[in-house]
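Welcome to a short tour through a structure in your viewer. Open the model, keep your selection tool ready, and follow along stop by stop.

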Amino acid sequence: MARVLIPLPARDFDPTEAAVAWKVCSARGHRIVFATPEGAPAAADDMMLTGCGLDAWGFVPGLDRLRLVGVLMRADSRGRAAYAAMTRDPAYNQPWRWRQVSEKDFDGLVLPGGHRARGMREYLESPLLEDLAVAFFRADKAVGAICHGVLLLARSIDPLTGRSVLSGRKTTALTWSMERLAGRVGRIVRWWDPNYYRTYPDEPGEADGYRSVEAEVKRALATPSDFQDVGTDDPDRWLKLSGLKRDRINNSRPAFIVQDGNYVSARWPGDAHTFAKIFAEVLEAASP
């Protein structure tokens with residue numbers, strides 16, 4: 001049995017990305033430890049759970065429960081069920097504090113994502129978590145990151161090299177095409193809060209997508225070509241790129257995963273089951 005650390009922000013993480021990793025690894029007999037900024041149980045982005053507030057009338061109390069776009073954009077039934085089960089786990093309800101955790105106490109690290117700036121920026125900008133990521137990479141332990149979780153790794157600079165832990169690695173993350181599409185939808189359906197899907201909106205004068213996850217991750221790599229996306233010859237290219245199909249534990253066709261040694265990365269919640277399964281396999285091969 002391996003010990004896996006899943007750090008979370010106090011709120012607004014993606015429910016599917018965290019809960020499916022918890023579910024798959026727990027089912028394989030591994031112990032999951034959660035950590036939050038102050039040791040209080042975390043809360044996922046409520047709009048990703050319910051879909052309430054993701055339609056053009058979502059700012060109106062009562063009317064926000066009338067969901068059209070919200071039903072499509074929220075976590076699917078498997079993600080919501082996994083999150084409900086995870087929140088009943090005593091480990092989830094008794095998390096460690098970020099400052100308490102050490103790489104030496106764990107065999108693997110999973111970094112879920114989430115896009116809502118309100119809660120996610122504390123997580124994505126945490127020096128404590130960056131130092132932790134550096135320690136896991138130096139120890140060559142299993143590390144998995146999905147969606148914005150890869151952004152945290154891109155920002156994790158190893159003082160011994162002066163470079164990101166991802167420099168020299170191949171990776172994927174939330175792609176600009178996916179983030180741009182969500183951002184465009186968000187500007188329409190959440191017109192009063194147009195940057196809900198853009199954790200870091202571009203600043204005036206910057207190129208379109210300069211602060212996107214993909215662009216920042218690419219700037220941290222040894223070469224931009226180390227950022228991987230679905231190939232033009234992939235027979236399931238449409239499934240992987242549509243944003244409409246999500247994987248299942250027994251169907252990885254819609255998923256796109258990149259493995260580089262003991263590091264596993266994925267793009268979005270639609271990759272979560274395959275991501276978790278491959279991470280668990282890497283963990284089991286790497287752990288004593």
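We will visit the sheet, then some salt bridges, and then the nonpolar cores. Keep in mind that this is a predicted model.

**Stop 1: the whole sheet**

Switch to a cartoon view and look for the strands. In what order do the seven strands of the open sheet run? The order is β5-β3-β1-β6-β7-β11-β10, and the pairing is mixed. The edges are β5 and β10 (257–260), each of which pairs on one side only.

**Stop 2: strand β3 and its neighbors**

Select residues 31–36, which make up strand β3. Is this strand largely enclosed or not? Five of its six residues are buried, so the rest of the structure largely encloses β3.

Now add residues 3–7, strand β1, which pairs with β3 in the parallel sense over five bridges. To see one of these pairings, pick L5: its bridge partner in β3 is V33.

Next, add residues 96–97, strand β5. Here β3 and β5 also run in the parallel sense, with two bridges between them. Click on T36 and you will find R97 of β5 opposite.

While you have strands on screen, here is a handy rule: side chains in a regular strand alternate between the two faces of the sheet.

**Stop 3: strands β7 and β11**

Move along to residues 142–146 (β7) and 263–266 (β11). These two strands run parallel and are joined by four bridges. Try selecting A145, whose bridge partner in β11 is S265.

**Stop 4: salt bridges**

Time to show side chains. How many salt bridges does the model have? The count comes to 17, and we will stop at three of them.

Begin with D12 and R118, whose side chains meet at 2.9 Å, N to O. D12 belongs to strand β2 (residues 11–13) and R118 to helix α6 (residues 117–124), so this pair ties together parts that are 106 residues apart in sequence. D12 is buried, with a relative accessible area of 1%, whereas R118 is partly exposed at 44%. Widen your selection to D12, D45, D46, R116 and R118, and you have a network linked by salt bridges.

Next, select E284 and R28, which form a salt bridge at 2.8 Å, N to O. E284 sits in helix α12 (residues 272–286) and R28 in the loop between α1 (15–27) and β3, 256 residues apart. E284 is partly exposed, with a relative accessible area of 35%, and R28 is also partly exposed, at 36%.

Finally, pick R138 and D158, a salt bridge at 2.6 Å, N to O. R138 is in helix α7 (residues 127–138) and D158 in strand β8 (residues 157–158), so the pair connects parts 20 residues apart in sequence. Which of the two is buried, and which is partly exposed? R138 is partly exposed at 47% relative accessibility, while D158 is buried at 10%.

**Stop 5: the nonpolar cores**

In soluble globular proteins, nonpolar side chains tend to be buried together. In this model, the largest nonpolar core has 72 residues. Select F13, M86, L153, L166 and V217 to see the residues with the most contacts inside it.

Center the view on V217. What does V217 touch, leaving aside residues up to four places away in sequence? Its contacts are V150, L151, A154, L166, T171, A173 and F227.

For a last stop, select M47, M48, A182 and Y196, which are among the six residues of a second, separate core.

Notes
Residues are numbered from 1 along each chain as its sequence is written. This is a predicted model: local features need pLDDT of at least 70, side-chain atom pairs count only at pLDDT 80 or more; totals for chains, interfaces and linings use all residues. Side-chain values use heavy atoms; hydrogens and water are left out. Buried means under 20% relative accessible area, exposed over 50%, partly exposed in between (1.4 Å probe, protein chains only). Two strands pair if DSSP finds at least two bridges between them. A salt bridge is a side-chain nitrogen of Lys or Arg within 4 Å of a carboxyl oxygen of Asp or Glu. A nonpolar core is a set of buried Ala, Val, Leu, Ile, Met, Phe, Trp, Tyr and Cys residues joined through side-chain atoms within 4.5 Å. Contact means heavy atoms within 4.5 Å.
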